[in-house]
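Got your viewer open? Load the model and follow along, one selection at a time.

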Amino acid sequence: MNFLYEDGTLDGLINKKAIDSLGKLSLTDAIDFLRKRSGLEIRSVDGQNFSISKKKKEYTGYNPKDNNNNSTHSSLPMGQDVHNAIGEVYGKILTESLKPLGFITITLRNVVDNTIVKVDITDESGMYQLAKISPGEYYIEASMVGMGTSKSEPFVLVEKGPVQIPDILIKEISKFNVLEEVVVTAKKPLVERKIDRTVVNVENTSLAAGGTINDILKIAPGVSMDDGKISLRGKKGVIVMIDDRRMNLSPSDVARMLENMPAEQVRQIELITNPSAKYDAEGGAGIINIVTRKNLDTGFSATLVSGFRIGTEPKFNEGVNMNFRKNRMNIFGNYNYSNNRNDSEYISDKNIENQEGQLFYNQTGNTLVRRIGNNARAGMDYHLTDNHTIGFLLTMNGGRSLTNETQDINYKDRSASVADSTVKSNNHGRTTFDTYSVNLNSRHKFSDKDELFFNADYLTYSAQDPNTYNNLYSNSSGESEEENVFNNSSSSIKLITAKIDYSKELAPGSRFDAGIKTSFSSSSSDIRFESEAENGQLIIDPLRTNAFDYEEYINSVYINYYGKLGKNTEWQLGLRGENTKYNGVSLTTGEKINRSYFQLFPSFFLLHRLNEANELGFSYGRRIGRPDYADLNPFIDYSSPLFFTQGNPTLLPETTDNLEINYTFAKKLNTSVGFSRTNNYFNYFTSISDPETGATKQTVENFKHYDSWFAGVNYGDDLFKWWNVNGNVNVYHNRFQAPILEYFVDMKMTSVDVNILNTFKLNDKISFDLLGLYRSPKLGIARRIDSRYSVDFGARYRFSERFLIRGGVTDIFYTDINKGTNNLGNLYSTYYNRNENRRFNISLSYRFGGKLSAPKKKQSNEDEVDRIGN
């Protein structure tokens, strides 16, 4: 990164010793030093370079009500009537070599007092046109950060008289000095702590090159995935959002969608363990908000991405991200295609006590899945006026997968080497899913201090999952029987939501928020099992066939207040009320469920700065976990001849109270301790379905409560100028006590997660990442998950500002294996599930198009909002 300045700018202000010392500072500290030491103005050129210039005389004659508008046009000077502004000014901006300069800032100034009259930007051909100007004496100022400033000669604009300005020439960047001695990396820390969330900046990592969002989530401290289900700080019930929009799908459907989205789209991961009242109360463990990359360039720009990964099977992804921003309009979109093949193996030993003694069998399986995914987003934001913005967003996510699965089940005595009987199963499946959504949004600013937001969403989701099972049963006598089973399951979801949010600054440093939201969702699922008779005809199996319809209404209202107590203490208090009504019916059995309830969800945050280096925070929040339609559906879903999953229509929602204390030192060391209690806790567990055959089932029940204690430490800093380390240690202590079936279970365990990321930067072009993960044993309901660890390596090389290559290896030692035991009553089983986690990957990205960043409009309370993080 370079600093650009004109001759004489730094003379007498900064000496060589001071310049040399800047290389040891962070970007923010270096810029603050230069500003305070020299009184100079420092502005970003393009995110890679900064310009240094002398401060211009500040203009104070504009209307302060328009100071924070979202347009590229400034307000008229005080006293000027827009209705009498009828003149016009136009011209062209060129380089000294007479080449047109597009996207140059044009400022019309009054000759008398240098006040700003109007601001615009040239088009691609360097042309500009300023209309509705009152008669007067003016001059044009043309500037681009990093390319200097040029002015026209003064001119007089008469009534109704258009004026053509002679071509203005701007000094080219090569005529400037480059401050080569100062090289500052514009890199945020990997982990940032705010008042109500932890922000993980993953944009620059090379570890998930060519991968998916599921791959990049493991970088976030406290986040883990087990069989596609996401947990946060060892707790289930995580709500996943993308750009503050919730994915209203089941955990398995969310995991499937994230597997379809490339990691290159992600800029940040926000971990919100205690969300404020502005958020839906759903999610006992909190919220993971995935923030995608945004392009602020003016004009047209695009980024092409291509990725390849291979473990035992190849995986491809291609994508393009496009943006066009000019004047009051911003149009954006992206498209990604993936084609992946994944291989996994499964081993399980089950020991079951029945009336005849013990039944033992070993089960092995291998699954090969090919997935093809398409993901697209397109939208537009348009500023109708300086105070009113409207926008829309269209989203499509679709996938197709082919599954070939083989399973071998061998019944035998533990001491015997030959099986008494066997079951061989071959499963061929073809899954399709499609999600379409549309969002309409609007933002209206009544003034600098209050604004109104409106959002409405409509989403449809559909999935088809036909499977063919071929089962061959054999015994030690050589007798065998073949069974063909056909299963076709389908599901569809429709979701409509609308919300209005109002925000008002009551006084400097305080803000009041309020809002209402309504949502309606309906789902329909149908599972149909058919068996092939001896004559070849298909016969419906009524015990395994079911249809289930579900509807849910949620209406909510919230209030939230943010304020300050003196200069060093911030606080936030919120209350949210939600009324829920749902009903479901099994069309096959006639079983119905109807339930309605209202609950309040308070939240409180407190942040106190002990001094410049030390901060202490406290938070409390109440959350709810609602069963989704799959949890409530009583139908039986078979995944093998000896295993099925079944929902429970009597499930109640669970509620969780979270308490947390945080301490931050020098923005490098973050520590936290917390406690949560979940009442009416519900989760799945495995038990015996048929003692004679050894068949098992997975069902879900409510339990009394579940307690969890948490302590975490995060430290990030530069050990050397070229070596940055970020380490996380999270400790959980979970205890679960409840009757399950005819047994009473009392389980407790202390678990530790360790996450250490090392980044080695050799120069501005080459860097390496080394990530080590360790997960100690954890508890589930009547289940123990064994420890696992992995080491990932990544590298990145930037050929130029536009061209980047990244690559690496995940799970180098192939140790990230999901294994453990289930132990409940007469059932004891072990499981071993090894996915294709060791992968070699590479990705290429090329960016082209405009470079000029649109100016960021700052609200008067932006610093406070940034600390709150909501």
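Here is a short tour of the chain, its aromatic pairs and a charge over a ring.

This is a predicted model, where local features need pLDDT of at least 70, side-chain atom pairs count only at pLDDT 80 or more, and totals for chains, interfaces and linings use all residues. Numbering starts from 1 along each chain as its sequence is written, and side-chain values use heavy atoms, with hydrogens and water left out.

Start with the whole chain in cartoon view: there are six helices and 52 strands (DSSP runs, helices being H or I of at least four residues and strands E of at least two, numbered from the N terminus). Of its 870 residues, 50% are buried (buried is under 20% relative accessible area, exposed over 50%, partly exposed in between, with a 1.4 Å probe and protein chains only).

Next, select Trp 722 and Trp 723. Their ring centres are 5.8 Å apart and the planes sit at 25 degrees, so this pair is stacked (rings of Phe, Tyr and Trp, using its six-membered ring, pair with centres within 6.5 Å; planes under 30 degrees apart are stacked, over 60 edge-to-face, the rest tilted). Trp 722 is partly exposed at 42%, and Trp 723 is partly exposed at 23%.

Now pick Phe 768 and Phe 793, another stacked pair, 6.0 Å centre to centre with 20 degrees between planes. Phe 768 belongs to strand S45 and Phe 793 to strand S48, so the pair ties together parts 25 residues apart in sequence.

Last stop: Arg 834, whose charged end sits over the ring of Tyr 814, 3.9 Å from its centre (the cut-offs are NZ of Lys or CZ of Arg within 6 Å of the ring centre and within 35 degrees of the ring normal).
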